[in-house]
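Please open the structure in a viewer and keep the selection panel at hand. The tour below proceeds from one selection to the next.

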Amino acid sequence: MFIAINGQLGSGKSELCKRLEEEYGFDVFHTGKIQREYAAELGISTLELNRLCKTDKRFDKIIDSKLVEYAERVRGKDVVFDSRMAWHFVPGVFKVHLLVSPDIAADRVYGKRESVEETYSSREEAMAELVERSMLENERYQSVYGVTMNDYRNYDLILDTSLLTVKEELDVILDAAKKHEESGAYNGIFVSPVSLYPTAPYDAGDKETRVVKRGESLYIVSGHRKVREAVLRGERLMEVKLASDAGAATDENGVVNTDREILKDWEEMCGFRYGYIPLEVRAAGMKD
């Protein structure tokens with residue numbers, strides 16, 4: 001079984017890969033290991049190699065060719081790919097993309113400064129920089145490969161790790177991967193209901209929960225009632241669908257029809273407070 005895991009910064013993919021190795025016997029492919037080995041071949045540091053990758057696309061392509069070579073050598077084994085682009089390059093791999101709320105990501109990384117590129121003076125700075133780094137990373141991969149790394153349609157499973165334990169994450173991923181292996185097809189989006197943003201104060205009825213993605217955030221197109229009930233029940237995960245038609249949730253330019261007042265009303269109805277207000281909402285003209 002091949003599983004490729006990537007995701008938003010701070011979503012916990014490294015810990016997931018470690019547990020898959022230690023508890024389930026998966027081999028782990030780390031792009032970082034390949035980068036370190038290649039940097040050593042060139043006689044430079046990994047930081048210097050990262051800088052070169054930003055200005056010269058051929059370095060990325062050399063690293064990716066090593067990924068493909070490795071996958072062919074180990075085909076038939078259980079392998080998890082801790083890699084931004086394994087979903088794109090490795091045939092037959094189960095593709096997982098992890099999400100996390102920016103405020104929770106900041107809590108996870110602040111104080112755990114593992115490199116000179118990950119030093120933050122405050123939690124708020126960590127949150128802002130993680131959002132910016134994610135945007136820049138997506139732009140880079142769009143430029144290098146012509147693919148949108150955060151396009152959910154590229155993946156078999158989208159999983160929000162914000163409120164889950166690692167064991168719960170593993171249960172969801174392995175169950176979905178098994179179904180994918182058996183049927184050859186799988187598509188699921190599982191998110192925390194408190195990570196979803198409303199586009200209306202409320203909608204009646206029993207509509208299926210459908211969402212539209214803007215930036216790195218998900219906005220409710222239909223099913224506000226179901227989301228609210230899930231929040232009130234304390235559910236930490238619910239399945240949603242991407243809306244093919246955003247309808248009244250966006251204007252004619254595709255801008256999400258929501259603002260801080262709608263979010264405040266929603267928070268009052270659901271009894272919680274958002275830890276992060278998306279850039280799209282802040283740009284709607286409302287004061288913080």
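Two strands are said to pair if DSSP finds at least two bridges between them. With that in mind, and noting that this is a predicted model, begin with strand β1, residues 2-7, and strand β4, residues 94-99. These two strands pair in the parallel sense over 5 bridges. Within this pair, select I3, which stands opposite F94 in β4.

Next, widen the selection to the whole sheet. It is an open sheet of 10 strands with mixed pairing, and its order reads β2-β3-β1-β4-β5-β6-β10-β8-β9-β7. At the edges stand β2 (27-30) and β7 (196-197). Each has a single partner strand, so one side of each is left without a neighbour in the sheet.

Now add the helices that lie across the strands. Select residues 13-24 to show helix α1, which lies across β1, β2, β3 (79-82) and β4; α1 runs at about 160° to β1. Then select residues 166-183 for helix α8, which lies across β1, β4 and β5 (157-160). The direction of α8 is at about 170° to β5.

Finally, turn to helix α3, residues 46-55, and helix α4, residues 57-74. How do their axes cross? They come within 5 Å and cross at roughly 115°, which makes α3 roughly perpendicular to α4. To display the contact, select L49, L52, C53 and T55 of α3 together with K57, F59, D60 and I63 of α4. The residues of this contact comprise 5 nonpolar, 1 polar and 2 charged.

Methods
Residues numbered from 1 in each chain as written. Predicted model: local features only at pLDDT ≥ 70, side-chain atom pairs only at ≥ 80, totals over all residues. Heavy atoms only, no water. Helix = DSSP H or I, 4+ residues; strand = E, 2+ residues; numbered from the N terminus. Contact = heavy atoms within 4.5 Å. Axes fitted to C-alpha atoms, helices over the stretch in contact; angles between N-to-C directions. Parallel < 35°, antiparallel > 145°, perpendicular 65-115°, else oblique. Nonpolar A, V, L, I, M, F, W, Y, C, P; charged D, E, K, R; others polar.
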